[in-house]
Amino acid sequence: MLMATSTFSMAQNGKAITVKKTFSRETSVSIDIKADAAIVWTLLTNAADFPRWNSTILSIEGDIKQGEKIKLKSTLDPKRAFKLIVKEFEPEIKLSWGDGKGTRTYTISKNGKETVTFSMTEKIGGLMFPMYAKYIPPFDKSFEQFAADLKKEAETIYNAKN
Amino acid sequence: MRAQLDTEFEQCSSQLRAYILRITASVQDTENIVQETYLKAVSNIETFKSQSTLKTWIFAIASNLAKDNLRAQKRWTENVTDICKAKALADPDYFPEVLHIQATSPQGLFEIKEHITFCLTCISKSLPLEQQICIFLKEIYDFKVNEITKILNISEAMVKYYLHTARAKMIDIFDKRCALINKEGVCHQCSELNGVFNPKQNFEIEKNKIEMARIAEKGDKQHLLDLRLQIVREIDPFQSAGSDLQIHHLEHNRKVMENIFVKSEE
């Protein structure tokens with residue numbers, strides 16, 4: 001139900017969209033990738049390898065598996081390590097992690113033989129959200145960069161010689 | 001079929017030994033794994049369904065045995081050559097031993113290209129094991145991606161991912177470390193050892209005989225790695241002119257790293 005009214009369905013072609021409400025903020029991006037879902041999934045679930053291809057991530061410690069705790073540092077707030085839990089883990093379909101304030105969800109949809117649509121959304125909010133909202137930087141550029149980096153890396157791997 | 005197996009095994013056994021040595025860094029483990037590969041192949045030959053070539057099937061057996069090998073599972077660090085150089089310099093027996101090998105062994109020559117292959121073996125042991133196996137199978141032993149999927153029983157996507165990440169990491173490590181391709185590189189071991197073993201040689205002249213070093217300033221990094229791997233492809237670590245010397249280096253490095261693992265577990 002959330003998806004129908006969220007930014008999720010509006011964000012396309014690598015352009016991020018943010019919808020702000022009183023008690024929440026939601027940013028989404030979506031991009032088509034010419035690679036198979038397995039490659040995209042592999043890139044999204046190999047924690048230690050993230051900084052090599054993803055210019056928005058400084059480090060991820062831990063195993064990206066259902067129920068596991070991870071520690072993430074991003075370029076948005078380099079001094080802070082976010083302690084997150086992997087909430088959903090459906091191979092090649094859906095991955096989400098988050099904490100008490102927000103959840104980031106990644107989905108991979110197969111569009112036929114050679115292309116997938118990758119989508120990423122992060123919703124942060126709660127009753128206290130209005131008090132700390134101004135301290136949270138905008139995600140749009142970082143989301144667009146994440147999607148672009150993933151597309152570039154996945155397509156490079158997919159197009160490698162056999 | 002048994003006769004075909006024996007013929008194929010004989011034809012690929014040099015490659016197989018070199019492949020396993022590069023994964024385990026142990027001559028003893030290599031001999032054991034190669035022998036066990038043959039015994040397993042013989043006892044399971046009736047299960048071979050011709051869905052791959054015999055060579056691919058043999059390498060699959062050997063790769064599974066290598067993956068179970070504890071020495072193969074132990075991963076080294078990117079700066080392995082720095083650590084092991086310090087240990088060698090601190091060991092009063094090390095240089096007398098290697099100079100004795102050089103003086104007495106028919107396979108005791110020091111050649112820069114052979115040291116490049118030794119170095120790649122050491123650096124490759126800092127990659128995750130699956131990445132190391134994939135890059136060796138594809139780039140040194142000429143297996144296709146679809147053959148590697150059968151050898152390792154993993155998807156094509158994973159093989160491509162492992163190959164890509166292995167190459168990216170190797171490019172990054174050699175770019176930071178190897179003074180042959182980067183003037184800022186911190187590792188000068190080739191030139192240092194060449195000075196010890198071949199004091200009459202001019203290192204710059206010798207270096208310029210190696211295409212990878214000669215074109216380093218112009219060459220793109222992917223191409224430089226391809227040239228490095230080409231050198232490795234051309235050298236059999238058991239048969240080369242300096243194999244005794246390089247195997248001694250390799251076993252020394254393995255023992256140093258094993259001691260570090262033991263101490264860290266204590």
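Me: What distance lies between the C-alpha centres of domain 1 of chain B and domain 2 of chain B?
Reply: In this predicted model, those two centres are 23 Å apart. The domain assignment puts domain 1 of chain B at 1-73 and domain 2 at 75-265.

Me: How many residues does each domain of chain B bring to the contact?
Reply: Domain 1 of chain B gives 20 residues and domain 2 of chain B gives 21. A pair counts as touching if the C-beta atoms lie within 7 Å.

Me: Which helix supplies the largest share of the domain 1 side?
Reply: Helix 1 of chain B does, with eight residues. Helix 1 (2-24), helix 3 (54-68) and helix 4 (70-73) of chain B each add at least two residues to that side. Sorted by kind, the domain 1 side that touches domain 2 of chain B has nine nonpolar, seven polar and four charged residues.

Me: Okay, on to a helix pair. What makes helix 8 of chain B oblique to helix 9 of chain B?
Reply: Look at the angle: helix 8 (residues 129-140) and helix 9 (residues 145-152) of chain B pack at about 135 degrees, with axes 10 Å apart. Roughly perpendicular covers 65 to 115 degrees, and roughly antiparallel needs over 145. The angle of about 135 degrees fits neither, so helix 8 of chain B is called oblique to helix 9 of chain B. The crossing is right-handed.

Me: Which residues meet there, and how do they divide?
Reply: From helix 8 of chain B come B:Ile133, B:Cys134, B:Leu137 and B:Lys138, and they meet B:Ile148, B:Ile151 and B:Leu152 of helix 9. That gives six nonpolar, no polar and one charged. Lys counts as charged, so the charged one is B:Lys138.

Terms used:
Residues are numbered from 1 along each chain as its sequence is written. Chains are lettered from A and ligands numbered from 1 in the order in which they are written. This is a predicted model: local features need pLDDT of at least 70, side-chain atom pairs count only at pLDDT 80 or more; totals for chains, interfaces and linings use all residues. Domain bounds come from an automatic or database domain assignment. Two residues are in contact if their C-beta atoms, placed from the backbone, lie within 7 Å. Helices (H or I, at least four residues) and strands (E, at least two) are DSSP runs, numbered from the N terminus. Axes are lines fitted to C-alpha atoms, for helices over the stretch in contact, and angles run from 0 to 180 degrees between N-to-C directions. Angles under 35 degrees count as roughly parallel, over 145 as roughly antiparallel, 65 to 115 as roughly perpendicular and the rest as oblique. A crossing is left-handed if the near helix is turned anticlockwise from the far one by less than a right angle, and right-handed if clockwise.
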